[in-house]
Amino acid sequence: SGNNWGYGKENGPSLWHKQYPTAKGSRQSPIDIVPHQLSHDPSLGPIVPNYDQCTSLNISNNGHSVAVEFDDSDDRSVIRGGPLDNPYRLKQFHFHWGGKGCHGSEHTVAGNSYASELHLVHWNAVKYKTYEEAATAPNGLAVLGIFLQTGDDHRWLHTITDALYMVKFKGSVTDFKGFNPKCLLPSSLHYWTYLGSLTTPPLHESVIWIILKEPISVSERQLSKFRMLLSTGEEEDQRIHMENNFRPPQPLKGRRVRSSV
Ligand SMILES: NS(=O)(=O)/N=C1/NCCO1
Ligand SMILES: [Zn+2]
């Protein structure tokens with residue numbers, strides 16, 4: 001059927017092009033970021049996330065990741081500045097991670113991957129009426145990527161990992177109000193930026209990627225809770241744990257990756 005894509009042997013990233021030809025496009029994500037090969041662009045100002053008035057609504061398991069959705073009916077939580085010519089509204093955030101001890105980030109840095117990667121997905125509500133419309137428009141989306149490395153417990157991640165047991169099965173959703181994602185940002189907002197795509201089908205080439213250079217630290221114990229999630233539904237006999245839900249780096253095809261200071 002239509003969207004039975006996944007990360008397994010039978011439906012993984014190397015097969016997505018059959019159903020989603022954009023997979024072989026000219027601005028696909030993720031990519032390997034090679035710091036000494038990119039241009040430092042002094043015209044690139046700081047990025048300014050402003051999530052203080054944000055309204056998280058729920059947390060859900062869509063079978064590919066776990067996502068926290070936000071009320072994006074007004075400009076209460078936006079990101080602006082940097083490479084963005086308008087404020088982009090926060091729609092949701094989700095994670096990608098590996099298996100036990102393996103790495104699970106999507107973007108890599110000089111060939112090195114991190115344990116996990118957090119994506120905060122925003123859309124340009126100045127130019128487009130809906131997220132769906134923005135998601136198919138060039139640069140309609142801005143995704144803020146944050147690397148997670150294993151180390152100490154993250155002081156605030158427990159609010160998310162404690163809720164994961166409520167969304168164990170694919171298709172489950174539960175209330176998740178009052179969460180402000182600014183607590184997941186690292187101390188430095190220095191970033192790399194380039195033009196790319198969604199890293200999951202339909203792989204629309206509509207994303208301005210902003211990847212923070214500084215990772216946040218989370219413990220192996222906190223990360224292991226993500227692997228308890230199932231990519232299968234409650235009604236299915238076969239239980240498949242959700243892990244290694246990352247797409248490998250894609251060809252750069254001549255794109256320029258710029259660096260803030
Ligand atoms: N991994 S990603 O590029 O953020 N992909 C998506 N798809 C829907 C929202 O974000
Ligand atoms: Zn993602």
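**Close-up views of a predicted model**

**View 1. Contacts of I160.** In this predicted model, I160 is in contact with I59, F93, F95, F176, F179, L184 and F226, leaving aside its neighbours within four places in sequence.

**View 2. The largest nonpolar core.** This core holds 41 residues. I160 belongs to the group that touches the most other members. The rest of that group is I59, V66, F93, F95, L144 and F226. Several elements each supply at least two residues of this core. The strands among them are β5 (66–70), β7 (88–97), β9 (116–123), β10 (141–150), β13 (207–212) and β14 (216–218). Helix α4 (220–226) does so too. β7 gives the most, with 5 residues. In soluble globular proteins, nonpolar side chains tend to be buried together.

**View 3. A separate core.** Another core lies apart from the largest one. It has 22 residues. Y114, Y131, V143 and L198 are among them.

**View 4. Surroundings of ligand 1.** The residues around ligand 1 are Q92, H94, H96, E106, H119, V121, Y131, L198, T199, T200 and W209. Two of these names, Y131 and L198, also appear in the 22-residue core.

**View 5. Polar side-chain atoms at ligand 1.** A polar side-chain atom of T199 lies 2.7 Å from a nitrogen atom of ligand 1. For T200, a side-chain N or O atom is 3.2 Å from a ligand nitrogen. For H119, the distance from a polar side-chain atom to a nitrogen atom of ligand 1 is 3.3 Å. On its own, ligand 1 has 290 Å² of accessible area, and the protein covers 88% of that area.

Key
Residues are numbered from 1 along each chain as its sequence is written. Chains are lettered from A and ligands numbered from 1 in the order in which they are written. This is a predicted model: local features need pLDDT of at least 70, side-chain atom pairs count only at pLDDT 80 or more; totals for chains, interfaces and linings use all residues. Side-chain values use heavy atoms; hydrogens and water are left out. A nonpolar core is a set of buried Ala, Val, Leu, Ile, Met, Phe, Trp, Tyr and Cys residues joined through side-chain atoms within 4.5 Å. Buried means under 20% relative accessible area, exposed over 50%, partly exposed in between (1.4 Å probe, protein chains only). Helices (H or I, at least four residues) and strands (E, at least two) are DSSP runs, numbered from the N terminus. Contact means heavy atoms within 4.5 Å. A residue is near a molecule or strand if one of its heavy atoms lies within 4 Å of it. A polar contact is a pair of N or O atoms within 3.5 Å; within protein, one must be able to donate a hydrogen and the other to accept it, and residues adjacent in sequence count only if both atoms are side-chain atoms. Accessible areas come from the Shrake-Rupley method with a 1.4 Å probe; for residues, only the protein chains shown count as cover.
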